[in-house]
Amino acid sequence: MTGGRRRPEDYEPPRFAPPILPPFSEDEKATQSALGRFKRAMAFRRNVSRALRSLRISFAQWRTLEAAWRLIRQTDEPVSHLDVARDMELDESSLSRLMWSLSRRGLVDHDLDGRSLAYRVRVTKAGQRLIEAASRIVADRAAGR
C-alpha cells in the first residue's frame, strides 16, 4: 500500500520550469478584441432570434424585411432585390429565397419592373405591422431587457 495521501510539500519540485511566454503583440490584442466583438454580436443574434420566434419570423427574414422597408422609406418608391442585397451585404440568390418566403407569408409584394429586368419590392401592411412588433423586441434586447 502507499501509506495514504502525501502532503503537497512531499512532492518533488518540477524538473523543468514552465515556459515564459512573451507578452501579447498588438496584432494578437487586436485579434482578441475583434473576436470578443464577434462573440457579443453572435450572442445578440441568438438572443434576438429566440425572441423573434414569437412572431414566427427568423432573424434573416426580419433583417430582409427591415432593410427593404428602410430603403423604401428613404427613396419613397419600391426597391429592387439588388438594392436590398447590397444593403445587407448578401448575395442575390440568398436574398431572393428570403424575399420569396416573405412573399408567401404576405409580408412583401414583389414583381418585375416595367421592363421585366428586376424584381421590385413593396412591404405590405402586414409586413409593416410585423416590422413594428419586431423593432420593439430588438430594441428591448439591445437595451438588455
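**Exercise 1. The end of helix α5**

Task: Find which residue follows α5 and describe its phi, then compare the span of α5 with the expected one.

Solution: In this predicted model, α5 is followed by G144, whose phi is positive, near 80°. Turning to the helix itself, α5 has 18 residues, which at 1.5 Å a residue should span 26 Å. The C-alpha atoms at its two ends are 25 Å apart, and this agrees with the expectation. The next step is to list the buried residues of α5, which are G127, Q128, L130, I131, A133, A134, I137 and V138. Among the elements that cover these buried residues are α1, α2 and β3.

**Exercise 2. Helix α1**

Task: Work out how the reach of α1 relates to the expected value, and state which of its residues are buried.

Solution: Begin with the length: α1 has 27 residues, and from its first C-alpha to its last it reaches 39 Å, close to the 39 Å expected at 1.5 Å a residue. Then look for burial, where the residues to name are V48, A51 and L52. An α-helix has 3.6 residues a turn, so residues three or four places apart point the same way. Finally, the partners against which the buried residues of α1 pack are α2 and α5.

**Exercise 3. The largest nonpolar core**

Task: Name the residues that touch the most other members of the largest nonpolar core, and say which element gives the largest share.

Solution: The core holds 27 residues, and those touching the most other members are L52, L65 and V84. Two or more residues come from each of α1, α2, α3, α4, β3 and α5, and the largest share, 7 residues, belongs to α2. To see the contacts of one central member, take L65, which touches I57, L102, L107, V108, V123, G127, L130 and I131 when residues up to four places away in sequence are left out.

**Exercise 4. Two residues of helix α3**

Task: Decide whether H81 and V84 are buried or exposed, and list what each one touches.

Solution: Both H81 and V84 are found in helix α3. The relative accessibility of H81 is 10%, and because buried means under 20%, H81 counts as buried. For V84 the value is 0%, so V84 counts as buried too. Leaving aside residues up to four places away in sequence, H81 touches L95, S96, M99, H110, Y119 and V121, while V84, under that rule, touches T64, A67, A68, L71, V79, L95 and M99.

**Exercise 5. The packing of α2 and α4**

Task: Describe how α2 and α4 are oriented and what kinds of residues make their contact.

Solution: The two helices pack at an angle of about 90°, with their axes 10 Å apart, which means that α2 is roughly perpendicular to α4. On the α2 side the contact is made by A60, Q61, T64, L65 and A68, and on the α4 side by L95, L98, M99, S101 and L102. Sorting these residues by type gives 7 nonpolar, 3 polar and no charged.

**Exercise 6. Positive phi outside glycine**

Task: Locate D76 and E89, and state whether they are buried or exposed.

Solution: Although D76 is not a glycine, its phi is positive, about 60°, and its place is in the loop between α2 and β1. E89, also a residue other than glycine, has a positive phi near 55° and lies in the loop between α3 and α4. Because exposed means over 50% relative accessible area, D76 at 72% counts as exposed, and E89 at 73% is exposed as well.

Note on methods:
Residues are numbered from 1 along each chain as its sequence is written. This is a predicted model: local features need pLDDT of at least 70, side-chain atom pairs count only at pLDDT 80 or more; totals for chains, interfaces and linings use all residues. Side-chain values use heavy atoms; hydrogens and water are left out. A nonpolar core is a set of buried Ala, Val, Leu, Ile, Met, Phe, Trp, Tyr and Cys residues joined through side-chain atoms within 4.5 Å. Buried means under 20% relative accessible area, exposed over 50%, partly exposed in between (1.4 Å probe, protein chains only). Helices (H or I, at least four residues) and strands (E, at least two) are DSSP runs, numbered from the N terminus. Contact means heavy atoms within 4.5 Å. Axes are lines fitted to C-alpha atoms, for helices over the stretch in contact, and angles run from 0 to 180 degrees between N-to-C directions. Angles under 35 degrees count as roughly parallel, over 145 as roughly antiparallel, 65 to 115 as roughly perpendicular and the rest as oblique. Ala, Val, Leu, Ile, Met, Phe, Trp, Tyr, Cys and Pro count as nonpolar, Asp, Glu, Lys and Arg as charged, and the others, Gly among them, as polar. The expected span of a helix is 1.5 Å times one less than its number of residues.
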